[in-house]
Amino acid sequence: MGISLRSAADIATMKRAGHVVAMCHARVEAAIAPGVSTQELDDIVRETISEYGASSNFLGHHGFTGNICASINEEIVHGIPGPRRLQDGDIVAVDIGAIVDGFHGDSAWTYAVGDVSEVHRRLLTDTEASLYAGLEQATAGNRLGDIGHAIEVYATDRGYGIVQEYGGHGIGREMWEEPHIPNHGQPGTGRRLKKGMTLAIEPMLTLGGEETRVLADEWTVVTADGSWSAHFEHTVAITDREPLILTQRVTSVVD
Ligand code: MG
Ligand code: MG
């Protein structure tokens, strides 16, 4: 199947969707503290998406009840927001998506709650850095395997497990489009990247193994060995140089 190439106008629209996602993240980050429930984080995102006249692409997807996914500690992805309250020392991965004028933005970020142990803090900084290692390879002329390989090398050099069952994806008029983008791979293999491709790159690293399982709620994916996991994701557009980060983070909670 072909991978869609976006026009400059389409990419500009995706940047608007990405900005809504980034604004949601700024407000979530400001709110995160021990005692805050994941439902409260979901409320912040629902209100922010609505304020921008956008819509959530998670809500209602195969019956999902949240505007965000909130995955705590050994949870990797697809955690359902609810009454559970964050505790001092937790880490919480918040995955947020928004649709603006038919185009999608998708970004996940993992946050420290209160006072987090050194090993967990390093898991966060290293997983974020592995995302940027992958993005360094996300340029026209390179191949998908170059992205996965860069993430894999960064992660394995530091002793992390790499979640294999989930990965990045094409994104645009749909949340999940071709191609699947594994967080591991061989350099010089896979689809060639072209200017105008829009991709979500999203490493998920663990402090243990790579095996996963799904909880009885049929959504929440956890590490099989109970080790903690972090997830960082940006939506980007491929150019002839470094990728354009469409979900670029913002530092202010107003704009
Ligand atoms: Mg996501
Ligand atoms: Mg994604």
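This report describes two magnesium ions and the residues that hold them in a predicted model.

## Basis of the model

Residues are numbered from 1 along each chain as its sequence is written, and ligands are numbered from 1 in the order in which they are written. Because the model is predicted, local features need pLDDT of at least 70, and side-chain atom pairs count only at pLDDT 80 or more.

## Magnesium ion (ligand 1)

The magnesium ion (ligand 1) is coordinated by Asp95, Asp106 and Glu233 at 2.0 to 2.5 Å, with Asp95 listed twice through OD atoms; donors here are N, O and S atoms within 2.8 Å of the metal (3.2 Å for Na, K and Ca), and water is not among the atoms, so sites may look incomplete. In sequence, these donor residues follow the spacing D-x10-D-x126-E.

Aspartate 95 belongs to strand β4 (residues 91-100) and aspartate 106 to strand β5 (residues 103-112), where strands are DSSP runs of E with at least two residues, numbered from the N terminus. Aspartate 95 is buried at a relative accessible area of 10%, and aspartate 106 is buried at 2%, buried meaning under 20% relative accessible area (1.4 Å probe, protein chains only).

## Magnesium ion (ligand 2) and the shared aspartate

For the magnesium ion (ligand 2), the protein donors are Asp106 (OD), His169 (NE2), Glu202 (OE) and Glu233 (OE), lying 2.1 to 2.2 Å from the ion. Aspartate 106 bridges this ion and the magnesium ion (ligand 1), and the two ions lie 3.2 Å apart.

Glutamate 202 lies in the loop between β9 and β10, and glutamate 233 in the loop between β13 and β14, so the pair ties together parts that are 31 residues apart in sequence. Glutamate 202 is buried at 5% relative accessibility, as is glutamate 233 at 0%.

Terms used: Heavy atoms only, no water. Helix = DSSP H or I, 4+ residues; strand = E, 2+ residues; numbered from the N terminus. Buried < 20%, exposed > 50% of the residue type's maximum accessible area, 1.4 Å probe, protein only.
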